[in-house]
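Student: Could you take me slowly through a single part of this model, and explain each term as you come to it?

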Amino acid sequence: MTTVNTTDRESIAEISNPLGMEGIEFIEYATSRPQALGQVLETMGFRPIARHRSREVLLYRQGDIHVIVNAHAEGGGATRDENPVIAAIALRVRDAAAAYRRALERGAWAVPVHVEVMELNIPAVHGPGTSRVYFVDRYKEFSIYDVDFVPIPSVEQHPPAVTGLHFFGLVQYIGNDRSEDWTDFYRELFGFTALPADQRFGILPKGRILRSPCPPGATFYLQLIEPEPSVLELENNECFQRVGLGTPDVLATVAELRHRGVSFIESGRIHSEDKGALTQTSLGSVSFELVHHTRD
Amino acid sequence: MNHLQGNVDDFGMDTISLAGPLEAKLKAVREAGFSQIMLSARDIVGHPDGLDAAVRAVRASGLRVTGFQVLRDFEGLSGHLHDYKVDIAKAMLEMCAALGSKILLVCSSTSQHASQDLDVIAKDLRKLAMLAIPLGIKVAYEGLSWGRTINEFTAAWEVVSRADVPNLGIGLDSFHMFATQSSLDDLELLDPEKIFLVQLADFMWQEIRSVEERMSTARHFRVFPGEGVHSQALAELVQRLHALGYRGDYSFEVFNDDYQQIPLPVVARRARRSAQWLGEEVLRRSVPLPNQIRLKQRAAG
């Protein structure tokens, strides 16, 4: 007779979201040109709302989306680069310390922290390239920004999102034949799952899409894109490449952002349509993808 | 690239066969006509001008790095021993990445302190592979013939399969396969895509009677393929791997005390002769020639 292990039955939910992930807390850019990047972010509807207490770091916000612009030369791994890079993402999790320990036990690389007095020690592991993945568990009753940042006076602290923009996902460029490696990496360490090949969003369907284990309403996606087969292998070519923002009405958002000065790519293959749109690249590396998506 | 060079390019030398400083080894290997080299951590950390200078020398040589060796006694440990070995593994992975090597060679544990539970071994290898992913490195796990738990390629394959990570595969070493008289028929069990490295060496005796003799032979008396008494078996191994679909590199893993005290170009020429024998007479992998490309495509279609 087969023994049925009843304890396994209830562990399914636990496995499907092992960190209790509930979305993205912030995206961090590292740049040596924070003002130029700030201008780009402002045309996209973000507003600078707070400054870091000890470093040259600004916090931008619109709706529920937070973007940190880090111009602190030592802190951000890649700030020497002229073009801005996506240096970090922060995941909202149930218990940051537990999430961090679990990731390390499974083979993540710890990022050494250098905090100043009275600053939060936010645990992080290495992501693709020089990037980091932070774990944040204080986003409900109070926020990490209350501790490390000082609000900019007379600035609206909660600017509304432009036309319902919300965080949708990130595109990650990866090396040749690396889709399986990165799929396993995100599955093992964070609980992401790969979507079937026919399930795609927006206007740039290439590569593989991983869904975060977050509950409905907080889900976001990672899109892994390998080089074209004809492209020779380059070293250090893996990075978070761009941010995807969801909107219930892509064309309305495109119209509003154009009005604010954002340019979109309108070529034969890639152009603004109901499904999605892509901004032209600013500062050599910064672009945003719009995706038709409504929050559940 | 001529036809001859194409076939020899599948084979590379290993720095452990040569005496002297890293730069001299790189020069001898390149001048013997090889395009790739297997590096040891010792070559790099022992460089008198430090790690960065060693990395620059390797990159300046123009040689492709076949792989980087060797992480030992990693799997099956617990507590502080495990944490210590993870630190060692991370240092090895960082060197491997700095050298532009895509492969880290890991040998099965000989430690009496290590667990013999295959699931524990698989779990540790999975963690190691996970550490290697952001650096773009594949982990080749090799069963040492005197490994405590994993001592044949079939057992190595079993734990690699249990670990089930895309960047974890096996490394084969002909010496260990012949020493344990593993059946080459078992190669059929392997997925050729998961064979990340094949190391070849011959030796002078017909059979090895004890584990002690196995270890001393492996560490001191190996010779290049074709120089010993197992040429036929080596030829069969290479042909079987080809038939199985293996298209990766072959590296000559030749530990030999005599080769450590003769001039580097002499040793490298012996290796070159071995590569020519294997490339031209045994393996004969097809090299695309201008007037053959169409034929190849038609055959493939």
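Tutor: Let us look at the place where domain 1 of chain A meets domain 2 of chain A, whose C-alpha centres lie 19 Å apart. This is a predicted model, in which local features need pLDDT of at least 70 and side-chain atom pairs count only at pLDDT 80 or more, while totals for chains, interfaces and linings use all residues. Residues are numbered from 1 along each chain as its sequence is written, and chains are lettered from A and ligands numbered from 1 in the order in which they are written.

Within chain A, domain 1 covers residues 14-151 and domain 2 covers residues 162-292, with bounds that come from an automatic or database domain assignment. Domain 1 of chain A brings 32 residues to the contact, and domain 2 of chain A brings 31 residues, where contact means C-beta atoms, placed from the backbone, within 7 Å.

On the side of domain 1 of chain A that touches domain 2 of chain A, at least two residues each come from strand S1 (24-30), helix H3 (34-43) and strand S5 (85-92) of chain A; helices (H or I, at least four residues) and strands (E, at least two) are DSSP runs, numbered from the N terminus. H3(A) gives the most to this side of domain 1 of chain A, namely four residues. Sorted by kind, the residues on this side of domain 1 of chain A are 17 nonpolar, 10 polar and five charged, with Ala, Val, Leu, Ile, Met, Phe, Trp, Tyr, Cys and Pro counted as nonpolar, Asp, Glu, Lys and Arg as charged, and the others, Gly among them, as polar.

Conventions:
Contact = placed C-beta atoms within 7 Å.
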